Structures are given as C-alpha cells and as structure tokens.
Amino acid sequence: MNLTQRPPRSPRVRLGGYVLLPRLLDKCRAEIAGTLGEYHYNCPMDRRFFDFAGVDHEALKTQVAQGLGDGSVLAWILENRRHKHSEWEIAQWSAHREGAVPADNESRSFINEKVAEAGGADREDIGTWFDFLDLDDHVTFGGKA
C-alpha cells in the first residue's frame, strides 16, 4: 500500500459492516511499509472506530504487520474487540458516522477553507466529513473539485 501514489479507500467502504475500517487498514499497511505520505494512521477519525469497536490500534497494527488480508484482520477484530456490538448496532454506528457533519464553528470553517482551497468553493454537496475526505483524496491525486 503506497499512499504517496494513490489514496486509501473511501471512509464509506465497509468491512464487516464497519465504515472507516478499510481506510484505516490501508493507512496502517502504508505506515508499516513507510509509504503513508500525508495520511495519518490512528488519526481522530480512525479513533472513532477503535473506540467503538474496543480495539487497540497498536494491537491491530501488529496483526496487520503479519501480512493478513482484510478478511483475516476482520476475523481477528471480531474475536478480540472489547465491545461485542450486534450487526444492527454496527450498521447504526456506521450510518451515523457516514452522515456526521462538522459540529462546531471551528470544524465547519476548516472544511469550508479546505474545500475552497481545493477549488470547490461553489460546491454545495460537501456537507459531511466523509464528503470532505472523498473530495480531498480526489483532489490530492489530480482530480478536479
């Protein structure tokens, strides 16, 4: 995984019902490989997953470093998570995360500035954190806002 050449998966992509998980696995693999670029493993967004699932980011990184694929990592998470949420609870949490918007003035200003810097000042469809991350990934690798 080389995140200096392409972005991680969208935060919307799910694994085991969890949003964010495939993206944070991409970042974890890139950190292990030394190809993380401008991304950050265990960033505040990643920690939303770790807190919800009850998984330690370093313990997960140890598993990923063994070269496990997504399915094996998910199996490890399901076996070792502290919070044994039902499929319904995971689906609700994922839907909530997917629809989360910047909740304070500082965050909203940050998003507005970043979208404008990316050339998307006229875009009215960037409202959620996931919208912003998808746009930022796209623009970072040469796409137009």
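How far is the sulfur of Cys 43 from the closest cysteine sulfur, and which residue holds that closest one? Hi everyone, let's start there, keeping in mind that this is a predicted model. The closest cysteine sulfur belongs to Cys 28, and it sits 12 Å from that of Cys 43, too far for a bond. We call a disulfide only when two cysteine sulfurs are within 2.5 Å. Searching the whole structure turns up 0 disulfides, and Cys 28 takes part in none.

So are these two cysteines buried or exposed? Cys 28 is buried, with a relative accessible area of 0%. Cys 43 is buried too, at 17%, and our limit for calling a residue buried is under 20%.

Now on to helix H5, which runs over residues 87-98. How well does its length agree with what we expect? At 1.5 Å a residue, its 12 residues should span 16 Å, and the end C-alpha atoms are indeed 16 Å apart.

Which residues of H5 are buried? They are Ile 90, Trp 93, Ser 94 and Arg 97. Looking down the helix axis, those buried residues fall within an arc of 100°, so they line one face of H5. That spacing has a familiar background: an α-helix has 3.6 residues a turn, so residues three or four places apart point the same way.

What covers that buried side? Helix H2 (44-53) and helix H7 (129-140) are among the elements that do. On the face of H5 turned away from the buried side, you'll find the exposed residues Trp 88 and His 96. Thanks for listening!

How values were computed:
Residues numbered from 1 in each chain as written. Predicted model: local features only at pLDDT ≥ 70, side-chain atom pairs only at ≥ 80, totals over all residues. Heavy atoms only, no water. Helix = DSSP H or I, 4+ residues; strand = E, 2+ residues; numbered from the N terminus. Expected span 1.5 Å × (residues − 1). Buried < 20%, exposed > 50% of the residue type's maximum accessible area, 1.4 Å probe, protein only. Arc of directions from axis to C-beta. Contact = heavy atoms within 4.5 Å.
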